[in-house]
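Colleague: Got a minute to go through this model with me? I'd like to hear the reasoning behind the labels.

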Amino acid sequence: MSGFFISIEGTDGSGKTTQIEMLEHYFKDRGFYVVCTREPGGNRISEKIREIIIDKENVGMTAVTEALLYAAARAQHVYSDIKPVLNDGGIVISDRFLDSSLVYQGYARGLGVKTIKDINKYAVADVEPDLTFFLRLTPADSLARKKNQKELDRMESEGEKFHRLVYDGYMRLCKINKERIKVIDASKSADKIHSEIVACIEKLLKEKGI
Ligand code: TMP
């Protein structure tokens with residue numbers, strides 16, 4: 001695979017969507033073949049799985065079911081959307097990837113990181129982001145931003161304790177993967193965040209000769 005894979009991670013309200021749009025323009029303006037996608041989702045099948053996962057009616061979903069559904073959505077996403085672009089030498093920007101499962105299901109739901117890695121072994125098929133940005137927003141700021149949202153889905157409706165665990169999980173994951181995951185202060189302006197992200201990308205692309 002000759003392409004370049006970037007994933008963007010963050011808690012609810014951290015501004016991932018805005019940053020992905022800005023990055024897409026950045027790459028397109030420079031003539032790169034870039035595809036933006038998201039997890040869970042990115043294609044018809046994975047989007048259907050997403051609907052099941054976030055549906056507020058599915059309150060009784062067990063943590064294992066949830067983890068398997070995210071992995072199933074990911075398997076389809078990797079094979080039908082990510083791998084083909086990387087094989088063509090393109091750039092993939094994904095709103096979330098495996099790190100989300102490690103944090104939300106592994107840490108916050110308490111299934112353990114090893115279990116989540118095992119479950120996802122076939123789904124990711126050796127695909128790993130070259131670079132990941134974690135848009136860091138404190139649980140309090142995240143909650144404040146969510147208050148402006150009209151309706152919360154099943155995952156967003158989880159209590160403060162769960163979202164604190166998600167935040168702690170991300171911090172632990174970032175510590176273990178310092179090389180790959182760049183922590184960005186998401187409380188700054190969108191333009192400032194974009195500049196920081198671009199600076200990291202340009203450094204790495206230069207190193208890789210892209
Ligand atoms: P989004 O709102 O950022 O699109 O993500 C959907 C929700 O799914 C969000 O609450 C995070 C959660 N999630 C997991 O719990 N595990 C995963 O593997 C992924 C990709 C997302």
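**Why the labels fit**

Modeller: Sure, and keep in mind that this is a predicted model. Let's begin with Cys200, which is partly exposed at a relative accessible area of 23%.

Colleague: Why is Cys200 called partly exposed?

Modeller: Buried needs under 20% and exposed needs over 50%. Cys200 has 23%, so partly exposed is the label.

Colleague: And how do you know how many disulfides the structure holds?

Modeller: It holds zero. A disulfide needs two cysteine sulfur atoms within 2.5 Å. For Cys200, the nearest cysteine sulfur belongs to Cys174 and is 12 Å away, so Cys200 is in no disulfide. The sulfur of Cys36 has its closest cysteine sulfur in Cys200, at 18 Å, so that is too far for a bond.

Colleague: What makes Gln105 buried rather than exposed?

Modeller: Its relative accessible area is 1%, and the cut-off for buried is under 20%, so Gln105 counts as buried. Gln105 sits in helix α4, residues 98–108, and touches residues including Tyr70, Leu111, Ile116 and Met155.

Colleague: Glu66 is touched by Gln105 too. What makes the link between their side chains a polar contact?

Modeller: The distance is 2.6 Å, and the cut-off for an N or O pair, one able to donate a hydrogen and the other to accept it, is 3.5 Å. So the pair qualifies.

Colleague: Last one: why is Thr65, in helix α3, called partly exposed?

Modeller: Thr65 has a relative accessible area of 35%. Partly exposed lies between the 20% and 50% cut-offs, so the label fits Thr65.

Note on methods
Residues numbered from 1 in each chain as written. Predicted model: local features only at pLDDT ≥ 70, side-chain atom pairs only at ≥ 80, totals over all residues. Heavy atoms only, no water. Helix = DSSP H or I, 4+ residues; strand = E, 2+ residues; numbered from the N terminus. Buried < 20%, exposed > 50% of the residue type's maximum accessible area, 1.4 Å probe, protein only. Contact = heavy atoms within 4.5 Å. Lists of a residue's contacts leave out its neighbours within four places in sequence.
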